[in-house]
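Biologist: I have a model on my screen and some words attached to it that I would like justified. Can we go through them one by one?

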Amino acid sequence: MKRFFSVFSVLMVTVSAVFPCTNFLIGKKASADGSTLISYSADSYNLYGELYHWPAAQYRPGAMLKVYEWDTGKYLGEIPQALQTYNVIGNMNEHQLAIGETTFGGRSELSDSTGIMDYGSLIYITLQRAKNAREAIKVMTDLVAAHGYYSGGESFSIADPNEVWVMEMIGKGAGNKGAVWVAVRIPDDCVSAHANQARIQQFPLNDPENCIYSPDVISFAREKGYFSGKDADFSFAQAYAPLDFGAMRFCEARVWSFFNRVNKNMGKYVTYAQGKTTEPMPLYIKPDKKLSVHDIQNMMRDHYEGTELDWRFDVGAGPFNSPYRWSPLTFEVDSVEYCNERPIATQQTGFSFVAQMRSWLPNAIGGILWFGIDDAAQTVYYPFYSGHADVPEEMAVGNGDLLTYSETSAFWTHNWVSNMVYTRYSDMSMDLQKVQQELENNFKEIQPEIEKKALNLYKQSQPEAVHFLTNHTNSLVKNGLQEWKKLGQYLMVKYVDGVIKREKDGEFLRNQYGQPASPTRPGYSDEFYRKVINQTGDKYKVQPVE
């Protein structure tokens, strides 16, 4: 999703105050089971959470494809359609190819309003046309070269069962069709991340197995005056997306939080995450231990807990230690500008996923898009296999929208529950996490048996295996959403009007006459009361009456 620089910008870059999207990338030797993994959160107040699907299809020679900008729906033009397209569920196709993104914007003068290919269309058209990561890079770069690049600077996560790549791309400005770009393969034993700031610094100029780039990526920067040193010293990020405070505090800080959780030596970059120093972090690092898909799901729920950027205990967190603040990111007091933190998990997420690609299984079974709607911290990740052929009604395109509430929509159900949790976070989040963990642990426990059945079916008929897995996931979604609605009802009953109903063994208590037992009235924490008194002095002090 689009990343706009904050008012802290000191360079000629795009200006606004929204910092969406976070991606993690994990090589196959850095994962617990040998799978490759990438994650993505689509964070935008304008994005409705739903699951996209394009069935495989064949087209006649000469057929054309109309291209609409993913963010706005604006018609951009048309391009030749491929003769054969692949099944795509969300951001993964039937060959276990997955693609995510974050927008870094970069230098505003490099935008090209005449281009046809926006970043969203690049992702979803490429997923319909490519079988692996290297092929995807070629398809994407060929498309922008032929039809022009409409969007701002972009970082893409591109992965198949064997390789994980990060590619960064930016246009050349009006009247100069195409883009400059560089793609770097993440070593198998390493992890990487990007979060709305270009991250590729220096890169190998003669290692096509691990680094591919446009022929003019350096010469174009020289021509524009962005770089004047030796080729070996060229940094894509410094040339095309120079750092500012927002790039570090709102964007790179999310990368740092992930790195800091998986590698004990990354604490030294905390000042960079805070926007105080400018020495950049490495593009990729080795984790201290191998990471599971469930580790990555939990890391997508991060709010900087336990770090210097943890903001649950200042006055802005309110009485219930909220790790959320409402927009905008920056605010002004007495002509001095301040900022909120921008954590990985955020309220404006439309959907997020962790894509898992497993080389030792048939594609229809090996690829899983663990997909969730709404805030990653409040969502449930459901397993959609790469051949998934029928989107469940609860996540289907057209089931409600941002202006139309739907009782059967996963987006509205999750937002209903999330917005209750936000009001009393420290208490309600614990109740939510219990149900969340029960559902996701159940998915994990039944997965081996489900995949064993699918493999047996696959040996007889691939379509039957796909049908079986599709029905399995759709049942999980239907049942899971019912549990989430029950959670919402439970939270409403338990916490209504600021008191808490008494419970025992999961049941609300009644008195000896069958009436509801008197609720507890916990009020606020001593810490919060002290903050009130520090601000108000004796205003609320109980005074003796003479």
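Modeller: Start with the word contact, which means heavy atoms within 4.5 Å. This is a predicted model. Among contacts in the protein chain between residues at least 6 apart in sequence, 70% join residues at least 24 apart.

Biologist: What makes the protein chain as compact as a globular protein of its length?

Modeller: The chain has twelve helices and 23 strands. Its radius of gyration is 25 Å, and the globule rule gives 24 Å for 546 residues; the two values are close, so the chain counts as compact as a globular protein of that length. The C-alpha trace spans about 85 × 65 × 45 Å along its principal axes.

Biologist: How much of the chain is buried, and how much area does it expose?

Modeller: Of the 546 residues, 56% count as buried. The exposed area is about 23700 Å², with carbon and sulfur atoms supplying 51% of it.

Biologist: How many charged side chains are there, and how far apart are the centres of the two sets?

Modeller: There are 52 positive and 63 negative side chains, and the centres of these sets lie 3 Å apart.

Biologist: Why is C21 called buried or exposed?

Modeller: Buried means under 20% relative accessible area. C21 has 0% relative accessibility, so C21 is buried. This residue sits in the segment before β1 (23-26).

Biologist: What is notable in the phi of C21?

Modeller: Phi of C21 is near 75 degrees, a positive value in a residue other than glycine. D374 also has phi near 75 degrees, again positive in a residue other than glycine. D374 is in the loop between β20 (368-373) and β21 (382-385), and its relative accessibility of 0% is under the 20% limit, so D374 counts as buried.

Biologist: Why is L457 called partly exposed?

Modeller: Partly exposed covers the range between the 20% and 50% limits. L457 has 26% relative accessibility, so L457 falls in that class. L457 lies in helix α10 (residues 425-460). Not counting residues up to four places away in sequence, L457 touches E464, A465 and F468. The C-alpha atoms of L457 and H467, ten residues apart along the chain, are separated by 9.8 Å.

Biologist: Where is I344, and what makes I344 buried?

Modeller: I344 is in the loop between β18 (336-339) and β19 (349-357). Its relative accessibility is 2%, under the 20% limit, so I344 counts as buried. Leaving aside neighbours within four places in sequence, I344 is in contact with T22, F24, D43, R254, S257, M299, M300 and D302. From I344 to D160 the C-alpha distance is 24 Å, with their positions 184 residues apart in sequence.

Biologist: Which residues does the cis peptide bond join, and what is omega?

Modeller: The cis bond joins S327 and P328, and omega is about 5 degrees. P328 is placed in the loop between α7 (293-299) and β17 (330-333).

Biologist: How do you know which parts of the model to read with care?

Modeller: By pLDDT, the predictor's confidence in each residue, from 0 to 100. The chain averages 95, and 97% of the residues score at least 70. Over residues 2-17, however, pLDDT stays under 50. Where pLDDT is low, the predicted coordinates should not be read in detail. The model has 64 contacts beyond four places in sequence for residues 2-17.

Notes
Residues are numbered from 1 along each chain as its sequence is written. This is a predicted model: local features need pLDDT of at least 70, side-chain atom pairs count only at pLDDT 80 or more; totals for chains, interfaces and linings use all residues. Side-chain values use heavy atoms; hydrogens and water are left out. Helices (H or I, at least four residues) and strands (E, at least two) are DSSP runs, numbered from the N terminus. The radius of gyration is taken over C-alpha atoms; the globule rule is 2.2 Å times the number of residues to the power 0.38. Buried means under 20% relative accessible area, exposed over 50%, partly exposed in between (1.4 Å probe, protein chains only). Accessible areas come from the Shrake-Rupley method with a 1.4 Å probe; for residues, only the protein chains shown count as cover. Lys and Arg count as positive and Asp and Glu as negative; His and the chain ends are not counted. The place of a charge is taken as NZ of Lys, CZ of Arg, CG of Asp or CD of Glu.
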